[in-house]
Amino acid sequence: MKHFTSLEDAGEPGPLVQSALALKQKPHQHALAPGKRVGLIFLNPSLRTRLSSQVAAQNLGAEAIVLDIGKDGWALEFEDGVTMDGDKAEHIREASAVMGRYFDVLGVRTFPELKDRESDYAETLLTAFMEHAGVPVVSLESATRHPLQSLADVVTIKEHWKESRRPKVVLTWAPHVKALPQAVPNSFVEWMREADVDLVVTNPEGYDLAPEFIQDVTVIHDQLEALKAADFVYVKNWSSYEQYGKILNQDTSWTLSNEHLAVTNNAKVMHCLPVRRNLVIKDEVLDGPNAIHLDQSENRVYAAQAVFKRLLEL
Ligand code: AN0
Ligand code: CP
């Protein structure tokens, strides 16, 4: 594995999932990557990704150093060939190459701007980091994907599913006041398509995800119909892909409540967090027996640890 920015980089989910589950049983493996350094570079906010990646590196005996580059770094220029006489003080060509000299692995968080679909889906920022770093790059959530989250999600479903039949997993849109990326749902679909589950996606008209991610996955625009007999419900808001980056509605009938859960097979409820309570998911669900969102967050440590282990041991 050269980088970790998508499922394609990993090849298949299985070995990383097994590795994460094994590391969870025995997390402290300080002899695996002693003296190695992981740089964690954030252009955007984070709680879980930042902390779980630091814990993961420490568990392997490596050191993690965090830079909030959007806040504390120089303003970065990503365009090639421009005369830098504006606000941008440093070019990504130098910034990324310098960080590559300090670190053995570079983690980068680059949210989409949600203005220019073509540029966001070309992963312009993440690609620039990868081109110039000279070391493996790990996506800490890019414009179109959040693979560390998806790996933790697959691990969490595996832990909670003990039956021999395939579980029905439903990814449902929920309302939000801000325009959020499609990265988490895109990535969840990408990983679930390769997992041993039956996946259904439900969202209002106008919120269909990019065809390259959805492919042949069933999309149902009637939420209650989609949720019938679900074993897992993954709740997430995203802004429109079709009318790129737009909020088309804030229909609170999609806020996940016990009424929705009643049509499921006593489904476990998942969310990557941060979650806006009573807008995305009702308190009654988040504080109830079906919610497994904290397990997902816990598993972020072992997902990151499995990925760093694979990249650092080379
Ligand atoms: C981000 C998103 O939806 O992509 C990060 C989620 C892990 N969420 C927010 O910005 C609230
Ligand atoms: N789920 C997740 O990535 O959370 P953070 O944005 O807090 O890192």
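Q: How do the residues of the shell around ligand 2 divide into nonpolar, polar and charged?
A: The idea is to sort the neighbours by class and see what kind of surroundings they make up. In this predicted model, the shell around ligand 2 has three nonpolar, four polar and three charged residues.

Q: And which residues surround ligand 2?
A: Start from the ligand and list the residues around it. Here you'll find S46, L47, R48 and T49, along with R109, H146, Q149, C272, L273 and R300.

Q: Which polar side-chain atoms lie by an oxygen atom of ligand 2?
A: For this, look for pairs of N or O atoms within 3.5 Å. R48 has a polar side-chain atom 2.8 Å from a ligand 2 oxygen, and for R300 the distance is 3.0 Å. Don't skip the backbone, though: an N or O atom from the main chain of L47 comes to 2.7 Å from an oxygen of ligand 2.

Q: How much of ligand 2 does the protein bury?
A: Compare the ligand taken alone with the ligand in place. On its own, ligand 2 exposes 250 Å², and 93% of that is buried by the protein.

Q: Where does ligand 2 lie with respect to domain 1 and domain 2?
A: Check which domains supply the shell. Domain 1 (7–145 + 299–312) and domain 2 (149–297) both contribute residues, so ligand 2 lies between the two.

Q: How far apart are the C-alpha centres of those domains, and how many residues does the contact take from each?
A: One value describes the spacing of the centres, the other the contact itself. The C-alpha centres of domain 1 and domain 2 are 25 Å apart. As for the contact, 27 residues come from domain 1 and 33 residues from domain 2.

Q: Now for the other ligand. What surrounds ligand 1?
A: Same routine, new starting point. The neighbours of ligand 1 are F111, E141, H146, L180, P181, K236, C272, L273 and P274. By class, that's six nonpolar, one polar and two charged residues.

Q: Which side chains have an N or O atom by an oxygen atom of ligand 1?
A: Again, go by the atom pairs. A side-chain N or O atom of E141 is 2.6 Å from an oxygen of ligand 1, while K236 brings a polar side-chain atom to 2.7 Å from a ligand 1 oxygen. Overall, the protein covers 84% of the 330 Å² of accessible area that ligand 1 has by itself.

Q: In which pocket does ligand 1 sit?
A: Here you ask which open space in the protein holds the ligand. Ligand 1 sits in the largest pocket, and the space taken by ligand 2 is the largest pocket too.

Methods: Residues numbered from 1 in each chain as written. Chains lettered and ligands numbered in written order. Predicted model: local features only at pLDDT ≥ 70, side-chain atom pairs only at ≥ 80, totals over all residues. Heavy atoms only, no water. Near = heavy atom within 4 Å. Polar contact = N/O pair within 3.5 Å; in protein donor to acceptor, adjacent residues only side chain to side chain. Areas by Shrake-Rupley, 256 points an atom, 1.4 Å probe, with all protein chains shown as cover. 1 Å grid on protein atoms, 1.4 Å probe; cavity = no way out; pocket = protein on both sides within 12 Å on 5 of 7 lines; lining within 4 Å. Sits in = over half its atoms within 2 Å of the grid points. Nonpolar A, V, L, I, M, F, W, Y, C, P; charged D, E, K, R; others polar. Domains from an automatic or database assignment. Contact = heavy atoms within 4.5 Å.
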